[in-house]
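Here are some worked exercises to try with the model open in your viewer. Attempt each task before you read its solution, and take your time over the steps.

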Amino acid sequence: MVCTPDEGRAGGAPTPEVRPGDLGKVPVAVATQSPPTSPAGQSTGSVTLVGAGPGDPGLLTMHGREELSTADVVVTDRLVAPEIVALSRPAARVVYVGKAPGAHSADQAEIEALLVREARAGHRVVRLKGGDPYLFGRGGEEALACAEAGVPCTVVAGVSSALAVPAAAGVPVTHRGLSQAVTVVSGHLAPGHPGSTVNWEALAHSGASLVVLMGVAHLGKIAIVLQEHGWADTSPVTVIERGTTAAQRVLRSTLAEIEAAALRAGLRSPAVIVIGDVAGLELAGAADGGASVAGSPNEPVAGLAGARVLLPRSRSGPSALAGLLRTAGAEVVEARLLAPAVHAADLPATGWLVVPDVAAAEALGRGLRAVGRDARSLGGVRLAGREDALAPIGLLPDAPEAPAGSPVIGRDIPVGLRRVPLPQAVLDVIAAGEIDAVVLPSSGTARALAEELGERTPTVSAGLAVAAIGPRTAAAALRSGLPVGGVAAEPDLGSLTLAVAALIAARDGSSHAEG
């Protein structure tokens, strides 16, 4: 079989071959016995459809993150958070095919052709899609296109906005005594549209809660058709805009009033609509997470609610500062700008080299790439270490241990910090003016950000609220061309969070006064 479900890769029994009859009337091309190749005879790469979840980067699955970390090409939609796209392998090429209503950057046929073309060129392609690839994401069409082209394709399920977004707003889509069923409906086409296959009359009499995706533009028509088929005009409706993110907004109304209420509130896509008795519930939403630091905010803070904050980082893994900012209501765009790397000049030309762990292996790979080298330059060197540690950089150890006295990365061969390019996803967000503020947790990240922005630093930072954790970091930022507007009262993460919140609030207050 060419396109397999995610479970087919996890071990166990091999996935059975899929034949045309297995999918009813939908024809599916079946893989040949020999491995698929490109027209030039080159081994074909692969395509993985990855669900990015509903918006909160924390809701990306671990498997999805793993696929991004090994991709050569990432083809992504507009609704995917920049923080998720930024998890792509640093050397990966990111292609945007995002679709905004009325402004499609690529049609579906072009997207499918792109996936097949890149895979046939031998690339590992990740198709990153909001929510789950197979729920109104046209993932099925892309999987079939791969199958017909003989391109291996797998699917990594994502957390669907149909369930996660209502939950984040405190709305259970089923509830004992109110609703024992839920129907998820596409509202992309209005009721009565000749291309719509949704039977609104049947839905009105089903007794199920309705969750409508992509329906904001037709909200009024949906409300009318349900009332025409027997729903009370007082039936509860909840609309959640940008659900699970710091910019989430929730509107609660009734079928009779929802269209006017949505217009007054200026609700826009992406939004999830919940209709039925369950929409009248307002239970606890998603639990607030994040680290707790003495004197730090533990609830939304004026200025940060809905603000998008850029956090340049020098470490991998969870960030306590990012957690604080999110708890305070911000949408955080994390960008790692510094990463451990060896200096290639320090590496031996012959003999043994000990790579003790994954971090050392990544530092080795990063150091080689920085000077335009790869594993071939280690041809005269024998590597010692664990196979799973070296696998991420595509190498295998010659032995698990080396002779006594052999150089060890991190002990005999120093590991320093080397600048990492800003992911294209983050650069695009900055260039579009979609960043409200920058927090600088160290002098190194301040200098690295300015170096990465280069000549664009003064222009990009002109409208930003820039806060530094201390005077030394502020001085480094100013020398690099970043105009710091505020410094944390104390050199801790909580004070830095409050400092950037105060800057944004002051700026917004000033703009309102001028208006």
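**Exercise 1: Around helix α12**

Just after α12, G433 takes a positive phi of about 70 degrees. Keep in mind throughout that this is a predicted model.

Task: find which residues of α12 are buried.

Solution.
- Step 1. Select α12, which spans residues 424-431.
- Step 2. Apply the cut-off: a residue is buried when its relative accessible area is under 20%.
- Step 3. The residues of α12 that pass are A425, V426, L427, V429 and I430.
- Step 4. A helix rule helps when you look at the spacing: an α-helix has 3.6 residues a turn, so residues three or four places apart point the same way.

**Exercise 2: The largest nonpolar core**

Task: work out which residues touch the most other members of the largest nonpolar core, and which element gives the most to this core.

Solution.
- Step 1. Start from the general expectation that nonpolar side chains tend to be buried together in soluble globular proteins.
- Step 2. Here the largest core holds 26 residues, and L310, L422, V426, L440 and L449 touch the most other members.
- Step 3. Now sort by element: β15 (331-336), α12, β20 (437-440), α13 (443-453), β21 (465-468) and α15 (471-479) each supply at least two residues of this core.
- Step 4. The leading contributor is α13, with five residues.
- Step 5. Zoom in on L422. Setting aside residues up to four places away in sequence, L422 touches A335, L337, L427, I430, L449, E452 and L453.
- Step 6. Apart from the largest core lies another one of 23 residues, with L203, I222, W231 and A262 among them.

**Exercise 3: An arginine in a helix**

Task: is R366 buried or exposed, and what is R366 in contact with beyond its sequence neighbours?

Solution.
- Step 1. Locate R366 in helix α10, residues 358-370.
- Step 2. Its relative accessible area is 18%. The limit for buried is under 20%, so R366 counts as buried.
- Step 3. Leave out neighbours within four places in sequence; R366 is then in contact with R336, A339, P340 and A341.
- Step 4. Check a second arginine, R418: it sits 52 residues from R366 along the chain, and their C-alpha atoms are separated by 8.4 Å.

**Exercise 4: The cavity**

Task: how many cavities of 30 Å³ or more are there, and which residues line the largest cavity?

Solution.
- Step 1. Recall the idea behind the search: rolling a probe the size of a water molecule over the atoms shows where empty space is left.
- Step 2. The count is one cavity of 30 Å³ or more, and the largest cavity has a volume of about 30 Å³.
- Step 3. Its lining is made of S46, T48, E67, A71, R124, V125 and V126.
- Step 4. Assign elements: β2 (46-51) and β7 (124-129) are those that give two or more residues to the lining. β7 gives the most, with three.
- Step 5. Sort by class: the lining has three nonpolar, two polar and two charged residues.

**Exercise 5: Backbone surprises in the loops**

Task: which residues have a positive phi although they are not glycines, and where is there a cis peptide bond?

Solution.
- Step 1. R138 has a positive phi of about 60 degrees without being a glycine. R138 lies in the loop between β7 and α4 (139-149), and at 41% relative accessibility it is partly exposed.
- Step 2. M214 also has a positive phi of about 60 degrees and is not a glycine. Its loop joins β10 (209-213) and α7 (219-228), and with a relative accessible area of 40% M214 is partly exposed.
- Step 3. For the cis bond, go from S269 to P270, where omega is near 0 degrees. P270 belongs to the loop between α8 (258-265) and β13 (271-275).

**Exercise 6: The whole chain**

Task: what percentage of the residues is buried, and how many helices and strands are there?

Solution.
- Step 1. Count elements: the protein chain has 16 helices and 22 strands.
- Step 2. Of its 515 residues, 46% are buried.
- Step 3. Take contacts between residues at least 6 apart in sequence: 70% join residues at least 24 apart.
- Step 4. Finish with the accessible surface, about 24500 Å², of which 54% belongs to carbon and sulfur atoms.

Note on methods:
Residues are numbered from 1 along each chain as its sequence is written. This is a predicted model: local features need pLDDT of at least 70, side-chain atom pairs count only at pLDDT 80 or more; totals for chains, interfaces and linings use all residues. Side-chain values use heavy atoms; hydrogens and water are left out. A nonpolar core is a set of buried Ala, Val, Leu, Ile, Met, Phe, Trp, Tyr and Cys residues joined through side-chain atoms within 4.5 Å. Buried means under 20% relative accessible area, exposed over 50%, partly exposed in between (1.4 Å probe, protein chains only). Helices (H or I, at least four residues) and strands (E, at least two) are DSSP runs, numbered from the N terminus. Contact means heavy atoms within 4.5 Å. Accessible areas come from the Shrake-Rupley method with a 1.4 Å probe; for residues, only the protein chains shown count as cover. On a 1 Å grid over the protein atoms alone, a cavity is a set of points where a 1.4 Å probe fits but cannot get out, and a pocket is an open set with protein on both sides within 12 Å along at least five of seven lines; lining residues have an atom within 4 Å of a point. Grid points are joined across faces, edges and corners, and a volume is the space filled by probe spheres set on the points. Ala, Val, Leu, Ile, Met, Phe, Trp, Tyr, Cys and Pro count as nonpolar, Asp, Glu, Lys and Arg as charged, and the others, Gly among them, as polar.
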